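Here is a short briefing to keep beside you while you look over this protein. Please have the sequence and the 3D view open as you read.

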Amino acid sequence: MKVVQKDDFESLVNDLIREDPREVVGVQSKDEKFVFDELHDSEDLRLDYDVTILPPKKYFMPQKEIVLEYSHADGDFDVNPVNEVESRIIIGVHPYDLVAIEQLDKVFSDVYEDENYLEKRKESILIGVDMQNVSDWCFAGSMGTATTDSGYDLMLTDLGDKYAVDVGSKKGKELMEKVESRNATSSEIEKVEKTKQELMDKFEKELDYSPDELPYVLEQNYENMEFWEKNSEDCYSCGSCNLVCPTCYCFDVDEKNELDMQSGVRERRWDGCLLEEFAIVAGGENFRENRAERYRHRYMRKGNYIYERYGDIACVGCGRCGSHCVPDIADPSRIFNELKEEIEE
Ligand code: SF4
Ligand code: SF4
């Protein structure tokens with residue numbers, strides 16, 4: 001573990017902004033909330049944030065992107081894949097978002113290797129930061145995602161006037177060569193551990209049991225339609241809970257023809273399983289027409305389906321869904337806890 005003085009880290013960030021060809025993005029304050037956005041000065045960086053509106057997955061899986069262009073002018077059909085990749089240094093990723101990115105890496109390299117996602121990932125550097133502040137909705141402490149020892153190139157822990165820095169990759173090591181650093185002392189290493197332990201007392205919300213039990217709890221409640229109907233009664237099917245989630249990766253695809261019908265593009269954009277039209281298939285059949293079934297599907301995916309396929313609980317406890325749901329029915333910690341009570345009754 002290394003130690004870097006905060007002044008030196010800020011100088012490094014400014015040097016990267018001014019001299020490095022890669023785009024430098026970091027967490028900044030915007031309208032009393034926090035967002036990942038392009039950095040123009042290290043002064044704008046807010047590593048003390050609680051949670052960002054959108055997770056950093058937007059840099060690897062943009063809200064919408066063209067993935068193909070085609071033309072058939074003069075009878076020749078020409079198709080070309082499109083992948084706009086920008087190299088980026090992303091500063092200030094919280095552990096739960098790093099865990100979520102590791103999950104997406106698995107998904108996008110599974111049966112079909114998704115070059116549009118994987119190339120963007122390959123061209124990125126992730127600088128994580130341990131949480132200093134916790135949003136009212138976050139329950140990462142009980143999901144095992146409040147800290148992590150993987151998924152980053154560098155990981156910072158705030159130690160007052162300096163950062164402890166854990167180097168997680170060759171790319172991270174190369175970055176560290178650009179800044180003055182020294183080895184951490186044993187008391188600094190102890191302080192990092194203590195900081196991580198103290199963080200656990202800051203979470204207002206929690207899962208009342210081990211996340212390992214979630215697949216079983218959800219499976220046992222699959223047919224509990226009374227529960228799903230009662231809890232989804234006020235759902236607007238707005239899809240906000242899906243769109244802010246760091247582990248949601250569903251997308252829809254559109255073909256957009258030019259007016260002359262000689263060329264066009266294929267565009268993909270985020271989709272969400274809570275949206276009414278999400279499960280409509282050719283012929284107009286909607287196999288999850290019922291709102292309660294869509295609502296149930298989201299929780300099944302988070303705590304059961306993804307686990308069955310990849311061994312991951314696909315809720316990292318960031319709390320974004322709960323905070324963005326107007327009728328306040330999307331907080332997974334409450335739903336998961338109540339589901340456990342349902343099978344204990
Ligand atoms: S954010 Fe709330 S209202 Fe909107 S789809 Fe999700 S659960 Fe329903
Ligand atoms: S389901 Fe909600 S709390 Fe869980 S990872 Fe997604 S947005 Fe965060």
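The notes below cover two ligand sites, a helix, a lysine and a loop. Please keep in mind that this is a predicted model.

**Ligand 1**
- The space taken by ligand 1 ranks as the second largest cavity.
- Around ligand 1 you will find a run of neighbours in the sequence: Cys235, Tyr236, Ser237, Cys238, Gly239, Ser240 and Cys241 are among them.
- Further along the chain, the residues around ligand 1 include Leu274, Cys325, Pro327, Ile329 and Ala330.
- Sorted by class, this shell holds nine nonpolar and three polar residues, with no charged ones.

**Ligand 2**
- The residues around ligand 2 include the cysteines Cys245, Cys315, Cys318 and Cys321.
- Phe139, Pro246, Val316, Gly317, Gly319 and Pro332 are also among the residues around ligand 2.
- Two charged residues belong to this shell, together with eight nonpolar and two polar ones; Arg298 and Lys302 are among the residues listed around ligand 2.

**Helix H3**
- Helix H3 spans residues 115–122, and its buried residues are Asn116, Tyr117, Leu118, Lys120 and Arg121.
- What do the buried residues of H3 pack against? Their partners are strands E4 (64–71), E7 (124–129) and E12 (263–270), along with helices H2 (95–108) and H4 (170–176).
- At the start of H3, a side-chain oxygen of aspartate 114 comes to within 3.2 Å of the backbone nitrogen of asparagine 116.

**Lysine 171**
- Lysine 171 is part of helix H4, one of the elements that the buried residues of H3 pack against.
- Leaving aside residues up to four places away in sequence, lysine 171 touches Arg121, Lys122, Ser124, Ile125 and Asp153.
- Why does lysine 171 count as partly exposed? Its relative accessibility is 31%, and the partly exposed class lies between the 20% and 50% limits.
- Lysine 196 is 25 residues from lysine 171 along the chain, and their C-alpha atoms are separated by 25 Å.

**The loop between E2 and E3**
- Aspartate 31 sits in the loop between strand E2 (23–30) and strand E3 (33–38), and glutamate 32 has its place in that loop too.
- Aspartate 31 is not a glycine, yet its phi is positive, at about 50 degrees.
- Glutamate 32 likewise has a positive phi, near 65 degrees, in a residue other than glycine.
- Are these loop residues buried or exposed? Aspartate 31 is exposed, with a relative accessible area of 69%, and glutamate 32 is exposed at 81%.

Methods: Residues are numbered from 1 along each chain as its sequence is written. Chains are lettered from A and ligands numbered from 1 in the order in which they are written. This is a predicted model: local features need pLDDT of at least 70, side-chain atom pairs count only at pLDDT 80 or more; totals for chains, interfaces and linings use all residues. Side-chain values use heavy atoms; hydrogens and water are left out. Buried means under 20% relative accessible area, exposed over 50%, partly exposed in between (1.4 Å probe, protein chains only). Helices (H or I, at least four residues) and strands (E, at least two) are DSSP runs, numbered from the N terminus. Contact means heavy atoms within 4.5 Å. A polar contact is a pair of N or O atoms within 3.5 Å; within protein, one must be able to donate a hydrogen and the other to accept it, and residues adjacent in sequence count only if both atoms are side-chain atoms. A residue is near a molecule or strand if one of its heavy atoms lies within 4 Å of it. On a 1 Å grid over the protein atoms alone, a cavity is a set of points where a 1.4 Å probe fits but cannot get out, and a pocket is an open set with protein on both sides within 12 Å along at least five of seven lines; lining residues have an atom within 4 Å of a point. A molecule sits in a cavity or pocket if more than half of its atoms lie within 2 Å of its grid points. Ala, Val, Leu, Ile, Met, Phe, Trp, Tyr, Cys and Pro count as nonpolar, Asp, Glu, Lys and Arg as charged, and the others, Gly among them, as polar.
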